[in-house]
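The following paragraphs lead the reader through one structure, from a single loop residue to the sheet and the helices around it. Please keep the sequence and the coordinates at hand while reading.

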Amino acid sequence: MSDDRLKVAVLGGGSFGTALASIAADNGAQVHQWMRDVALADEINRDHRNRHYLPDYAINPAVTASTDMREVVTDATLVLVAIPSKAFRLVVRQARPWLSPDQILVSTTKGIEAEGFKLMSQILEEETGFSHIGVISGPNLASEVADKQLTATVIASDDPLTRARVQSVLGCDYFRVYASNDRFGVELGGALKNIYAIAAGMAAALGMGENTRSMLMTRALAEMSRFAVHLGANPMTFLGLSGVGDLIVTCSSKLSRNYRVGYALGEGRTLEEAVDALGQVAEGVNTVHLAHDMATEEGVYMPLAEGLYQVLFNQVPARDMAKLLMQGEQSSDVEFTLSREDVKEARRLEE
């Protein structure tokens with residue numbers, strides 16, 4: 001007897017990939033999840049649990065885990081790639097022999113590849129040459145998605161079929177999927193907000209108040225949109241879920257991995273100690289370095305990213321850096337309505 005259910009492949013055994021796999025199965029898809037860890041695959045198939053990442057989450061029994069890439073991706077209509085950025089290209093290359101151009105490939109990873117400053121969907125394009133490419137990003141803490149708390153995400157793609165297919169496969173009564181055609185802006189927002197989650201965690205550890213956190217998030221939004229627009233994104237994208245929405249949750253929640261790294265740094269721990277204590281990948285650490293270098297190369301003003309770079313990689317105390325940032329340039333609030341150059345010109349009138 002044939003199985004006519006739509007087939008979905010999920011690459012990655014982490015928390016968000018696991019949650020999405022279960023949602024797709026809840027919606028009636030035939031779901032296969034690939035991972036390297038044989039023991040984890042066995043555990044998911046036997047107990048329908050991923051105890052390392054989501055210990056309390058009951059995975060839909062229809063999700064089948066496997067370490068066999070060919071078995072997982074062959075004939076899948078939709079392939080969700082939920083792999084940390086450092087291993088993303090390697091895994092896509094591993095899957096490539098069994099992928100076909102009619103398949104839809106969607107990244108769920110919020111990170112940047114160091115060489116060439118490549119986003120994950122750009123890696124998908126480079127490695128496959130396919131046309132059905134998209135990215136999922138938004139305020140999506142995996143543990144809350146697993147708890148079926150009301151949330152929403154964005155599927156961004158130039159391809160209408162990709163957008164529609166992801167909406168139908170993943171959209172449900174607790175997980176809303178909104179569409180965007182600014183793939184670059186959505187993906188860059190998801191990567192850049194991790195920087196500012198580290199800053200928010202540091203501010204909390206230093207005992208800074210609600211006014212400080214509000215200022216930090218607002219200036220972070222200005223900084224990340226300035227950077228993204230310089231590289232070709234639409235500034236309006238940052239008013240949505242993948243911009244301000246994702247920024248708010250990751251800068252406010254102790255569930256955010258990047259926030260927790262920042263908190264540990266604010267308590268006086270070294271970067272190595274903070275990352276080791278987390279026990280998971282915090283994409284923001286790598287992104288700070290990459291965004292700092294790209295901003296310097298492109299001449300984009302990013303004082304928060306610069307300050308974090310000094311704290312993370314040059315051992316400048318977090319409290320000292322916060323004081324220096326407050327002594328920096330006072331410029332325009334929303335520079336898409338009043339440019340920084342206009343503010344500088346006005347200040348010259350006082351001279």
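Is Gln-315 buried or exposed? The model in which this is asked is a predicted one. With a relative accessible area of 62%, Gln-315 is exposed, because the class begins over 50%. Gln-315 lies in the loop between H14 and helix H15 (318-326), and its phi is positive, near 60°, although the residue is not glycine. A second non-glycine residue with a positive phi, of about 60°, is Lys-148. Lys-148 belongs to the loop that connects helix H6 (142-146) with strand E9 (151-156); with a relative accessible area of 44%, Lys-148 is partly exposed.

Helix H14 also holds an aromatic pair. Three such pairs occur in the structure, one of them formed by Tyr-309 and Phe-313, whose ring centres are 5.3 Å apart and whose planes make an angle of 50°, a tilted arrangement. The two residues are four positions apart in helix H14 (residues 303-313), so about one helical turn separates them. Their exposure is as follows: Tyr-309 is buried at a relative accessible area of 15%, while Phe-313, at 25%, is partly exposed.

The sheet comes next. Eight strands form an open sheet with mixed pairing, in the order E3-E2-E1-E4-E5-E8-E9-E10. Strand E3 (63-66) and strand E10 (175-180) are at its edges; each has a single partner strand, and therefore one side of each has no neighbour in the sheet. From one strand to the next, the twist averages 25°.

Two pairings within this sheet can be followed by residue. Strand E1 (residues 7-11) runs parallel to E2 and is joined to it by five bridges; Lys-7 is opposite Gln-30 of E2. Strand E2 (residues 30-34) is mostly covered, with four of its five residues buried. Strand E4 (residues 78-81) and strand E5 (residues 104-107) are likewise paired in the parallel sense, over four bridges, and Leu-80 has Val-106 in E5 as its bridge partner.

Helices pack on the sheet. H8 touches E5, E8, E9 and E10, and its direction makes about 40° with that of E8. Helix H1 (residues 15-26) lies across E1, E2, E3, E4, strand E8 (133-137) and E10, and runs at about 165° to E2.

H8 has a helix partner as well. Helix H5 (residues 120-128) packs with helix H8 (residues 183-205) at an angle of about 125°, their axes being 9 Å apart; the two helices are therefore oblique to each other. H5 contributes Met-120, Ser-121, Gln-122 and Glu-125 to the contact, and H8 contributes Arg-183, Phe-184 and Glu-187. By class, this contact of H5 with H8 comprises two nonpolar, two polar and three charged residues.

The last stop is Tyr-259, which is located in helix H11 (residues 257-266). Tyr-259 is buried, at 5% relative accessibility. Apart from neighbours within four places in sequence, Tyr-259 is in contact with Ala-197, Ile-198, Ala-200, Gly-201, Ala-204, Thr-250, Cys-251, Ser-253 and Lys-254. Tyr-259 and Leu-6 are 253 residues apart along the chain, and their C-alpha atoms are separated by 37 Å.

How values were computed
Residues are numbered from 1 along each chain as its sequence is written. This is a predicted model: local features need pLDDT of at least 70, side-chain atom pairs count only at pLDDT 80 or more; totals for chains, interfaces and linings use all residues. Side-chain values use heavy atoms; hydrogens and water are left out. Rings of Phe, Tyr and Trp (its six-membered ring) pair if their centres lie within 6.5 Å; planes under 30 degrees apart count as stacked, over 60 as edge-to-face and the rest as tilted. Buried means under 20% relative accessible area, exposed over 50%, partly exposed in between (1.4 Å probe, protein chains only). Axes are lines fitted to C-alpha atoms, for helices over the stretch in contact, and angles run from 0 to 180 degrees between N-to-C directions. Angles under 35 degrees count as roughly parallel, over 145 as roughly antiparallel, 65 to 115 as roughly perpendicular and the rest as oblique. Contact means heavy atoms within 4.5 Å. Ala, Val, Leu, Ile, Met, Phe, Trp, Tyr, Cys and Pro count as nonpolar, Asp, Glu, Lys and Arg as charged, and the others, Gly among them, as polar. Two strands pair if DSSP finds at least two bridges between them.
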